[in-house]
Amino acid sequence: MRDPLLAAARMALGFSMAAMAFVAVSSIALAPLVYGWRDAVLARVVAPGATPPPEAIWAIVAVLLLTGAGAALGFLFFRHLYRIVATVGEGDPFVPANAERLRAMGWIVVAVHLIVVPLAAIGAWLQTTMERFHANISVSLGGLLLALVLFVLARVFREGTRLRAEVEGTV
Amino acid sequence: MLRSLSRLREAFPARAAARPADDLLVAANILLGIVLVGVILALAFGAIALVVQVARLGEALLVSPLDPVWAPVNRLLFGLGALLLVEAVIGSLLAMIGAVGRGEAFARDNVSRMETIACDVLGLQVLGLVAATAGVPVGTGIAGIDLGVGLTPAGLALVLVLFVLARVFREGARLREEAEGTV
């Protein structure tokens, strides 16, 4: 990679992929552990003297699993982006695969929003039940906007692929 | 503010042109339009709040801007700056989508719009960094709109990807000119 812009982009995306993979693996691995030590975990999150509702442990496990699933999707998102940047480095961004990748990224953003809805609901419930649990999760309009922009970009890339085929056909 | 208004003018003819094109572009335009209206309203509220704050504090402001007296004014100033940048990004996006609707995705204009968006998002990151250094909380923005201000690894990755996309659009523009030249 001689190009500094592409090298920096690849590095940043590689870092994002690693961070997402770490979150996905650690939160999914943590779920059975939290269930195993449920008494100790619940004792830590409630205020001293209070008794936690028994279903709270399932809520915590669900939060961990949903977070893991979201991070796994985030990993896939950044991997698609990494591969798109790689094709730019190879000098040809207008390959049909890139349009497909952008479309997949748009759907990933939609899926992440579907995960965030129950996550936010469970998080809010946990917050009202337990004093020491803080949730800061919300569905954003910006995210939905991102999905739409990705779908539009997928279309733009398809147009680019068509143009390239046209240019190559006429040479 | 003037620049923001000219962006608006630029954005709306493009919106109209894209309307008959197809559902995806219409959906993108509507959502962007809603966000744009929200941002412009927040800009108006923020500007009024700034005038009120400055009038209320009056001569108390005749100290260093780092003095705690300035805190509410600084928050509004940074918030308004961030809103202007967000507004510029949305204006450019609307104009780009308009061009896609007209079948001119790879017009040279779109290359410079993409670069403008990348620079504006970079500006938001820098603004967030400056605000954090000065101890001004701008994260929640004005009127509860989250502006995505702040220097984050994801934000920097986004800036880099936007610059890469600008390059992709330049390549597309080159291809388009080549294709037109050979017809």
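These questions and answers go through a predicted model, beginning with chain B and moving on to rings and cores.

Q: What pattern does chain B follow along the sequence?
A: The model is predicted. Chain B has five helices and zero strands. Read along the sequence, the pattern is therefore built from helices as DSSP runs, and it reads α-α-α-α-α.

Q: What percentage of the residues of chain B count as buried?
A: A residue is buried when its relative accessible area is under 20%. Chain B has 183 residues, and the share that counts as buried is 47%.

Q: What share of the exposed area of chain B do carbon and sulfur atoms supply?
A: Chain B exposes about 8800 Å². Of that area, carbon and sulfur atoms supply 68%.

Q: Among contacts in chain B between residues at least 6 apart in sequence, what percentage join residues at least 24 apart?
A: A contact here means heavy atoms within 4.5 Å. Counting contacts in chain B between residues at least 6 apart in sequence, the portion that joins residues at least 24 apart is 77%.

Q: Is G172(B) buried or exposed?
A: G172(B) is found in helix α5 of chain B, residues 153-182. Leaving aside neighbours within four places in sequence, G172(B) is in contact with F94(A), L163(A) and F106(B). Its relative accessibility is 0%, so G172(B) counts as buried.

Q: How far apart in space are G172(B) and F78(B), C-alpha to C-alpha?
A: In sequence, G172(B) and F78(B) are 94 residues apart. In space, C-alpha to C-alpha, the distance between G172(B) and F78(B) is 36 Å.

Q: What kind of aromatic pair do F77(A) and F78(A) form?
A: Over all chains the count comes to six aromatic pairs. The pair of F77(A) and F78(A) has 5.6 Å centre to centre and 90° between the planes. Planes over 60 degrees apart count as edge-to-face, so the pair of F77(A) and F78(A) is edge-to-face.

Q: Are F77(A) and F78(A) buried or exposed?
A: F77(A) has a relative accessible area of 13%, and F78(A) has one of 14%. The cut-off for buried is under 20%, so F77(A) and F78(A) are buried.

Q: How many residues apart are F106(B) and F169(B)?
A: F106(B) and F169(B) form a tilted aromatic pair, 5.6 Å centre to centre with 55° between the planes. F106(B) sits in the loop between α3 (71-101) and α4 (108-134) of chain B, while F169(B) is in helix α5 of chain B. The pair links distant parts of the chain, and the separation is 63 residues.

Q: Which residues form one aromatic cluster?
A: F106(B) is buried at 2% relative accessibility, and F169(B) is buried at 2% as well. The residues of one aromatic cluster are F94(A), F157(A), F106(B) and F169(B).

Q: Which helix supplies the largest share of the largest nonpolar core?
A: The largest nonpolar core has 86 residues, and F77(A), L102(A), V152(A), I90(B) and F169(B) are those with the most contacts inside it. Helices that each supply at least two residues of this core include α1 (4-36) of chain A and α2 (23-57) of chain B. The largest share of this core is 15 residues, and it comes from α3(B).

Q: Over the face of which residue does R38(A) lie?
A: R38(A) is at 4.4 Å from the ring centre. The residue whose face R38(A) lies over is Y35(A).

Terms used:
Residues numbered from 1 in each chain as written. Chains lettered and ligands numbered in written order. Predicted model: local features only at pLDDT ≥ 70, side-chain atom pairs only at ≥ 80, totals over all residues. Heavy atoms only, no water. Helix = DSSP H or I, 4+ residues; strand = E, 2+ residues; numbered from the N terminus. Buried < 20%, exposed > 50% of the residue type's maximum accessible area, 1.4 Å probe, protein only. Areas by Shrake-Rupley, 256 points an atom, 1.4 Å probe, with all protein chains shown as cover. Phe/Tyr/Trp six-rings, centres within 6.5 Å; stacked < 30°, edge-to-face > 60°. Lys NZ or Arg CZ within 6 Å of the ring centre and 35° of its normal. Core = buried A, V, L, I, M, F, W, Y, C linked by side-chain atoms within 4.5 Å.
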